[in-house]
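Colleague: Could you take a close look at the disulfide question in this model for me? Once that's settled, carry on to whatever else ties the chain together, and tell me how far to trust it.

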Amino acid sequence: MEETPPRLKAEITQEEKEAQAKADKIKLALEKLQEAKVKKLVIKVLMNDSSSKTLMVDERQTVRDILDHLFEKSHCNCSVEWCLYEINPDLQIERFFEDNENLVEVLSQWTRDSENKILFVEKPDKYAVFKNPQESFCGTSVIVPDLEGALYLKEDGKKSWKRRYFLLRASGIYYVPKGKTKTSQDLACFIQFDNVHVYYGTQYKNKYKAPTDYCFVLKHPQIQKESQYIKYLCCDDRWLMHLWVTGIRIAKYGKTMYDNYNIAVQKAGLASRWSNPSNVESKASSGTGKGIAGVETLVFVYMMCD
């Protein structure tokens with residue numbers, strides 16, 4: 001009596017084929033369902049040449065991911081100075097989107113009728129603190145810059161400003177109350193950085209009768225209109241304003257900001273070598289930093305030490 005040869009592993013019955021097809025359909029349906037749960041936004045980005053690009057972004061993407069996408073679409077150089085830049089015309093404020101930020105999360109806090117704009121531009125101030133040869137780095141921990149001095153504070157609901165002595169700390173900005181000293185026990189907390197961003201104020205001398213036009217603002221990203229919870233500070237000059245804004249960014253983001261810079265340098269170097277293999281040194285990772293409006297920036301010594 002002849003024995004039936006065992007079925008080869010390569011042979012699949014019709015029932016098994018149907019079961020596999022059904023499993024694949026279920027898997028695909030689950031993937032589509034998961035994808036549908038991802039929050040997405042269509043955004044308009046104003047380019048450096050006055051044109052604009054419309055992009056679909058989702059909550060899984062960081063600002064760095066979107067920058068990389070814009071580099072591909074625009075075919076521009078990948079300099080570390082490129083950034084996404086927020087402009088709020090109602091409050092006359094603007095700021096860098098940090099590369100690690102989740103753009104969808106930030107934009108979800110804008111109002112539906114918002115006139116805010118997103119620019120794709122080169123801003124030397126973005127990482128000037130790391131490109132300046134006077135900065136020093138060693139190790140992986142970050143020390144907040146030792147920054148203090150007199151600034152003008154806008155009084156709530158008024159177009160008047162008072163001069164106070166402020167100090168930058170890792171957790172926020174503190175001030176010296178009248179009649180007190182700069183010792184820790186006498187300092188009063190002005191604002192903490194947990195839920196606020198720092199912005200440049202524009203033309204505040206005209207808008208709020210500020211002593212100078214060198215102002216910066218601290219506010220929660222959800223606040224999009226005039227509010228008593230917005231803090232306005234004014235500096236004597238452009239250089240001092242840049243020191244405070246950069247110092248606050250370092251205090252708020254710490255090593256993450258330095259990591260963002262290193263990633264930008266690496267990607268700029270790769271892009272440069274890809275476009276010009278003979279160019280060993282990436283232009284994007286060299287050169288001196290320029291401050292706002294082309295003014296050379298000399299910033300504080302920023303230490304990263306073990």
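Modeller: Short version first: there are 0 disulfides in the structure. Cys78 is in none, and the nearest cysteine sulfur, the one in Cys76, sits 6.1 Å away. Cys215 deserves a second glance, since its closest cysteine sulfur is that of Cys234, at 3.7 Å. That's still too far for a bond, because a disulfide needs the two sulfur atoms within 2.5 Å. Cys215 is also buried, with just 1% relative accessible area. Bear in mind that all of this comes from a predicted model.

So what about charges? Searching the whole structure turns up 15 salt bridges. The one I'd start with joins the side chains of Lys267 and Asp68, N to O at 2.5 Å. It links distant parts of the chain: Lys267 belongs to helix H7 (residues 255-275) and Asp68 to helix H2 (residues 63-74), with 199 residues separating the two. The pair also turns up as a polar contact between side chains, again at 2.5 Å. As for how open the two ends are, Lys267 is partly exposed at 34% relative accessibility, while Asp68 is buried at 19%. That last call is narrow, because buried means under 20%.

This pair doesn't stand alone, either. Arg64, Asp68, Asp99, Lys126 and Lys267 are all linked in a network of salt bridges. So if you want one place to zoom in on, I'd suggest Asp68: a residue in helix H2, buried, and a member of that network.

Two other salt bridges make a nice contrast. Glu101 pairs with Arg95, their closest N and O atoms being 2.8 Å apart. Both partners are tucked away: Glu101 counts as buried at 7% relative accessibility, and Arg95 does too, at 3%. Then there's Glu226 with Lys207, where the closest N and O atoms are 3.7 Å apart. These two again come from distant parts of the chain, 19 residues apart: Glu226 in the loop between strand S11 (215-219) and strand S12 (231-234), and Lys207 in helix H5 (residues 204-207). Here Glu226 is partly exposed, at 48% relative accessibility. A salt bridge is counted within 4 Å, so the Glu226 and Lys207 pair at 3.7 Å passes.

Next, the strands. Strand S7 (residues 161-168) runs antiparallel to strand S8 (residues 172-175), and 3 bridges join them. The two form a hairpin, with 3 residues in between. To find your way around it on screen, look for Leu167, which stands opposite Tyr174 in S8. S8 has another partner as well: it pairs with strand S9 (residues 188-192), also in the antiparallel sense, over 4 bridges. There, Ile173 has Ile191 in S9 as its bridge partner. Put together, S8 pairs with S7 and with S9.

A couple of backbone oddities while you're scrolling. Most residues other than glycine have a negative phi, so positive values are worth a look. Ser50 has a phi near 75°. You'll find Ser50 in the loop between strand S1 (40-46) and strand S2 (52-58), and it counts as exposed, at 73% relative accessibility. Gln92 also has a positive phi, near 55°. Its home is another loop, the one between strand S3 (82-88) and strand S4 (93-96). Unlike Ser50, which is exposed, Gln92 is partly exposed, with 23% relative accessible area.

Last, the trust issue. Mean pLDDT for the chain is 82, with 77% of its residues at 70 or more. Residues 135-140 fall below 50, yet this stretch has 22 contacts in the model beyond near neighbours in sequence. Residues 279-306 are below 50 as well, and that stretch has 81 such contacts. It may be tempting to interpret those contacts one by one, but where pLDDT is low, the predicted coordinates should not be read in detail. So I'd leave the contacts made by residues 135-140 and residues 279-306 out of any close reading.

Conventions:
Residues numbered from 1 in each chain as written. Predicted model: local features only at pLDDT ≥ 70, side-chain atom pairs only at ≥ 80, totals over all residues. Heavy atoms only, no water. Buried < 20%, exposed > 50% of the residue type's maximum accessible area, 1.4 Å probe, protein only. Pairing = 2+ DSSP bridges. pLDDT = per-residue confidence, 0-100. Contact = heavy atoms within 4.5 Å. Polar contact = N/O pair within 3.5 Å; in protein donor to acceptor, adjacent residues only side chain to side chain.
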